[in-house]
Amino acid sequence: MGEVKVGVEGKRLFEEFSAGYYGLCTIGGMLSAGTTHLAITPLDVLKVHMQVNPVKYHSISSGFSTLWKEQGPSSLWRGWSGKFFGYGVQAVKVRVQTQPHFAKGLADGFPKLYASEGLTGFYRGLYPLWGRNLPFSMVMFTTFEHSVDYIYCHVIQRRKEDCSRAQQLGVTCLAGYAAGAVGTILSNPADNIVSSLYNRKADTVLQAVKDIGLVNLFTRSLPIRMTLVGPVVTLQWFFYDTIKVLSGLPTSGGLRRGLEEAI
């Protein structure tokens with residue numbers, strides 16, 4: 001094992017790319033993703049309502065007001081467990097959020113969905129879900145890496161190793177927001193299709209596209225998703241990198257090379 005480095009990051013708990021390092025990254029990723037998704041459940045509830053009923057929920061402010069008046073404050077937290085545990089439960093989450101009498105949560109929603117639609121009910125929107133998450137993830141990570149590299153090379157003009165912890169985390173937040181914003185725009189059509197299929201507004205992807213309309217695929221719920229995803233991705237990267245920094249590891253992204261080579 002190589003010498004444990006001590007510098008800006010402090011004494012490391014694990015060497016990079018060791019088994020402990022990957023374990024730490026796994027736990028950090030789970031905590032950062034789960035907690036941030038849970039925190040923005042009210043925005044997610046409104047987003048889904050704006051997608052499936054755009055006439056009634058046509059703006060962020062009026063949408064929140066309508067939900068609060070008609071369904072009460074508890075309606076804003078419907079599907080919170082689905083947000084925390086992830087997309088294996090997307091089909092139940094969307095129904096719980098938009099159909100008040102369907103179920104109270106995952107515990108009663110799972111058996112009810114299985115009884116009414118069988119196993120296929122959980123996978124009705126699987127392909128558009130892939131069409132949303134896979135491109136989003138690829139673009140998000142690519143944008144994040146390039147943004148981090150650009151900020152260090154052309155804005156700060158210092159190597160990451162020569163920056164303080166606060167500076168490194170600041171770069172993480174800027175790059176995280178840029179990554180979330182770009183990924184949101186690309187994935188918006190698939191997100192609208194997913195909500196349409198899970199709420200049985202359409203039976204097929206083609207029908208959903210036809211019903212929503214090409215322009216609306218890209219514009220419907222985009223403002224609320226930009227409000228939602230940008231800060232969420234920023235917080236996810238911030239929490240994740242904070243865990244790494246506190247463990248003595250460098251923040252994510254950026255190539256480790258001399259400034260002369262980068263420029």
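Does Phe-17 count as buried or exposed, and what is its relative accessibility? In this predicted model, Phe-17 is classed as exposed because its relative accessibility is 58%, above the 50% cut-off.

The mean pLDDT of the protein is 85, with 92% of residues reaching 70 or more. Confidence is lower than 50 over residues 1-9, a segment for which the model nevertheless has 22 contacts beyond four places in sequence.

Eight aromatic pairs were found in a search of the whole structure. One of them joins Phe-17 to Tyr-21 in an edge-to-face arrangement, with a centre-to-centre distance of 5.5 Å and an angle of 65° between the planes. The two partners fall into separate exposure classes: Phe-17 is exposed, whereas Tyr-21 is buried, with a relative accessible area of 9%. A stacked pair is formed by Phe-144 and Trp-237, whose centres are 3.7 Å apart and whose planes differ by 5°. This pair links distant parts of the chain, since Phe-144 belongs to helix H7 (residues 126-156) and Trp-237 to helix H11 (residues 222-246), 93 residues apart. Phe-144 is buried at 0% relative accessibility, and Trp-237 is likewise buried at 10%. Ring pairs extend this arrangement into a cluster of Phe-141, Phe-144, Trp-237 and Tyr-240.Aromatic side chains also occur on the surface, where Trp-77, Trp-80, Phe-84 and Phe-85 form a nonpolar patch with about 480 Å² of accessible area together. Within this patch, Trp-77 is placed in the loop between helix H3 (60-71) and helix H4 (80-85). Trp-77 counts as partly exposed, because its relative accessibility is 41%.

Terms used:
Residues numbered from 1 in each chain as written. Predicted model: local features only at pLDDT ≥ 70, side-chain atom pairs only at ≥ 80, totals over all residues. Heavy atoms only, no water. Patch = residues over 30% accessible without salt bridge, like charges linked within 9 Å, V, L, I, M, F, W, Y side chains within 5 Å. Areas by Shrake-Rupley, 256 points an atom, 1.4 Å probe, with all protein chains shown as cover. Salt bridge = Lys/Arg side-chain N within 4 Å of Asp/Glu carboxyl O. Helix = DSSP H or I, 4+ residues; strand = E, 2+ residues; numbered from the N terminus. Buried < 20%, exposed > 50% of the residue type's maximum accessible area, 1.4 Å probe, protein only. pLDDT = per-residue confidence, 0-100. Contact = heavy atoms within 4.5 Å. Phe/Tyr/Trp six-rings, centres within 6.5 Å; stacked < 30°, edge-to-face > 60°.
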